[in-house]
Amino acid sequence: MTPTLDLVPIWTTILAIGVFLYVALDGFDLGVGMLYNFAPDRSARDLVMNSIAPIWDGNETWLVLGSVGLLAAFPVAFAIIIPAVYFPILMMLLALIFRGLAFEFRYRDAEHRTFWDHGFAAGSALAAFAQGVVLGSFIQGFHVEGRQFLGSSLDCFTPFSIFAGIGLIFGYALLGAGWLVIKTEGALQEWARALGRRCLIGTALAIAAVSLWTPLVDSHIAARWFSFPNIVLLAPVPLITGGLIWYAWRSLGNGSEYAAFIAGLGLFVMSYLGIAISLFPMIVPGHFTLRQAAASQSTQAFLLIGTLFLLPVILLYTGWSYWVFRGKVRSDIGYH
Amino acid sequence: VHLDPELLSRIQFAWVIGWHILLPAFTVGLASFVAFLEGAYALTGRHVFLHLSQFWLRIFAISFGMGVVTGIVMPLQFGTNWSRFSDAAGNVISPLLAYEGLTAFFLEATFLGVLLFGRKLVPPAMHFVAAALVAAGTLSSSFWILATNSWMQTPVGYEVIDGRFFPKDWLEIVFSPSFPYRLMHTVSAFYVTTAFVVLGVGAYTVRRGQFMTEGRMMLRLALWFLAIFVPLQIVLGDLHGLNTLEHQPAKLAAIEGLWVGGRGVPASIIGWPDQAAERNLAEIAVPRLGSLYLTHSWDGEVKGLKDFPPDQRAPVAVVYFAFRIMVGIAMLMLAVVVAGLVLMARGRLDQARWYLRLCQIATSLGFAAVIAGWTTTEVGRQPWTVYGLMRTADSVSPSLTGSDVLVSLLLYVAVYLVIYPVGLSVMLRFVWRGPIASDEAAPVGGGRSKSPIEALAAATSEKPT
């Protein structure tokens, strides 16, 4: 046997980046979708939708990469988590179908425009809610025996997971509002700023509640955060989060255009980090660590070879397409 | 009523993949067709190719979008409903699925953007390259997903430890024995499907008498293409069948409706396979013909269904009839193509209204054949998910109840029955409007907002080049 490289940390990092990119990218365009129906009139709605039309498809591709990446890197985690969240996944998929097709059908199937308008907004909200439920039930853990989930398909709906779902709606809507502040101007931008502040209040409350709720339901998580010296070492996490909330609030009120969106992303980074700190090194909380759930060395190596080449190319493309579609969006001449 | 989660999960998978496969069946071929049109325009500068490319790109954008959203459903089915299969086979199949995402979706997304929005921004040659890369993306997607499916049909290159599959040789896994045949037969089927759509739309355009240049061009391009690919597809299908005989004899016996194997077996033309009685009712069969075309010898040996225990046989009637529907459609296709070639040789192609109507009716033939062929190979794989090694009954998620799956199935049915008719009607509207350049196609008055794609195309065309 030749000595082999430990690939588990590499795959953990790749998957973590992939999932975060999905949350950040599809997060803001789902958020834009939710705010869509609150826009004052049809021309404003056109602008709101056009602000994400060229990029939503690429954003959603990260969902495929994330889920298939989980199967590839940690197959048993995929086999336990996905059936455990059967109905939230179903809700998310159906919601994404309606929302994705609304982009084209809203124009082409003009007789049913109202239907597709509602499909777009409700689909975006439902997809966000479902993802929050997935997250909440993931943190809570599942009823596992051996290598399989053996609970009920309804176990995932708990007060905590439903609260997480509502929290994620606010979080995504905050990102969406931040995006619209960047992409719009004038009255529409003012509207986005005002909505953004409401979403920020919801997001801040959700982060606070989840942060207090999690250690209460799980003594391990409580021990991790509140034992000495962790309580000192981890203190920057809540402190920075609080700072970001204050900064986002201020940015939504003053003239800065990018700050609110970046602060919103920062809040997601901190929340993501907080969950990772709470759960590490588990990938199926209470049952499988990252290492125990890892795919065979050969599987990891075979996929890594291509991924190390292809992933940077994909990131370059994604960056490039955002560059191409930079600037304010207008309805009369599309993008300029 | 007892609701069986396994049976309902199978119906659900059949439902979501059956609808999904219609879109790649169309877009794989259409991407290559658009690449051809772009190449022809770049080379000849003839506007008919440009108009046709713009026309089919509009339809491509809709069908591609539908393919994306119904495609996201597919990998998650492995987790929601087939979690024991995911755990057992994940180490082997997951990199193939991941490579589909990494190679195909990336290429398609990147260069579809250039195709839709970049007409005025890039030179025609670059536009052609973009079209070729989108086509390459769709082919790469077919490559990886069919490699996955082929491994499930003819698994090699693995070892089993504690009931789970582990990779031993990736080259063997990717290029499993049925893969080359399945890939060629499927991609060729997708090309034929698209060509019949182009033929039908061309016939409609010519029959209506508008856009005659474009209509005649579509009709002729499709006919010449089909004149090569329909016979080729029949040959590829035969090769794929011989491969099945070698590697999946129980499936082949179900296809043939052959209960008693041996030397010099008959060919069952039509009948009713009775799974319980282990024979075909009301059968018309030709003696020895089965051995002749399966082994190319009058008394070649072929295994029958009775050579396999009853619990290792597929639902025979489904496989038997699906296969006959596929072959029957192939014969119809051949007849349409031969008739078209004869009319073209006599110079009467554009005037034969009966034939143009026939071509319109034939538009959906390819889709029906794809569904029939897919049913043949997938139901024929039963009762296994990994042929001969892992049973479908052992693959389903253990936590699911029958009512869980019934709810999800009904929702998938309801949603797909909304989106497919709308998608079809939107594409038909493009066909009614006809192959005109996109700026001429802009709606006159009416205050209709432009779609993102139209708005963007208009915006980019205003940029100084």
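These legends go with a set of close-up views of a predicted model with chains A and B.

The model is predicted, so local features need pLDDT of at least 70 and side-chain atom pairs count only at pLDDT 80 or more, while totals for chains, interfaces and linings use all residues. Residues are numbered from 1 along each chain as its sequence is written, chains are lettered from A and ligands numbered from 1 in the order in which they are written, and side-chain values use heavy atoms, with hydrogens and water left out.

**View 1. Helix 4 of chain A crosses helix 2 of chain B.** Here residues 75-84 of chain A pack against the helix spanning residues 47-80 of chain B, at about 95 degrees and with the axes 7 Å apart. Axes are lines fitted to C-alpha atoms, for helices over the stretch in contact, and angles run from 0 to 180 degrees between N-to-C directions. Helices (H or I, at least four residues) and strands (E, at least two) are DSSP runs, numbered from the N terminus. The pair is therefore roughly perpendicular; angles under 35 degrees count as roughly parallel, over 145 as roughly antiparallel, 65 to 115 as roughly perpendicular and the rest as oblique.

**View 2. Who touches whom at the helix crossing.** From chain A come A:Phe78, A:Ile82 and A:Pro83, and they meet B:Pro75, B:Leu76, B:Phe78, B:Gly79 and B:Thr80 of chain B. Contact means heavy atoms within 4.5 Å. Sorted by type, the residues of this contact are six nonpolar, two polar and no charged. For that count, Ala, Val, Leu, Ile, Met, Phe, Trp, Tyr, Cys and Pro are nonpolar, Asp, Glu, Lys and Arg are charged, and the others, Gly among them, are polar. Helix 4 of chain A is mostly covered, with 10 of its 10 residues buried; A:Val76, A:Ala79 and A:Ile80 are among them. Buried means under 20% relative accessible area, exposed over 50%, and partly exposed in between (1.4 Å probe, protein chains only).

**View 3. The wider interface of chain A and chain B.** Zoom out a little and 70 residues of chain A are in contact with 72 residues of chain B. Together the chains bury about 6,200 Å², 73% of it on carbon and sulfur atoms. On the chain A side, A:Tyr86, A:Arg108 and A:Phe302 lose the most area to chain B, together 13% of what that side buries. Buried area is the accessible area (1.4 Å probe) that two parts lose on being put together, summed over both.

**View 4. A salt bridge between A:Arg147 and B:Asp87.** The two side chains meet at 2.9 Å, N to O. The rule finds two salt bridges across this interface, each a side-chain nitrogen of Lys or Arg within 4 Å of a carboxyl oxygen of Asp or Glu.

**View 5. A cis peptide bond in each chain.** In chain A, the bond from A:Phe280 to A:Pro281 is cis, with omega near 5 degrees, and A:Pro281 sits in the loop between helix 12 (259-279) and strand 3 (282-284). In chain B, the bond from B:Gln382 to B:Pro383 is cis, with omega near 5 degrees, and B:Pro383 sits in the loop between helix 12 (365-381) and strand 7 (384-386).

**View 6. Positive phi at B:Phe211 and B:Glu278.** B:Phe211 has phi of about 50 degrees although it is not a glycine; look for it in the loop between helix 6 (179-208) and helix 7 (212-247) of chain B. B:Phe211 is partly exposed, at 22% relative accessible area. B:Glu278, with phi near 55 degrees, is in the loop between strand 4 (267-274) and strand 5 (279-286) of chain B. B:Glu278 also counts as partly exposed, at 23%.
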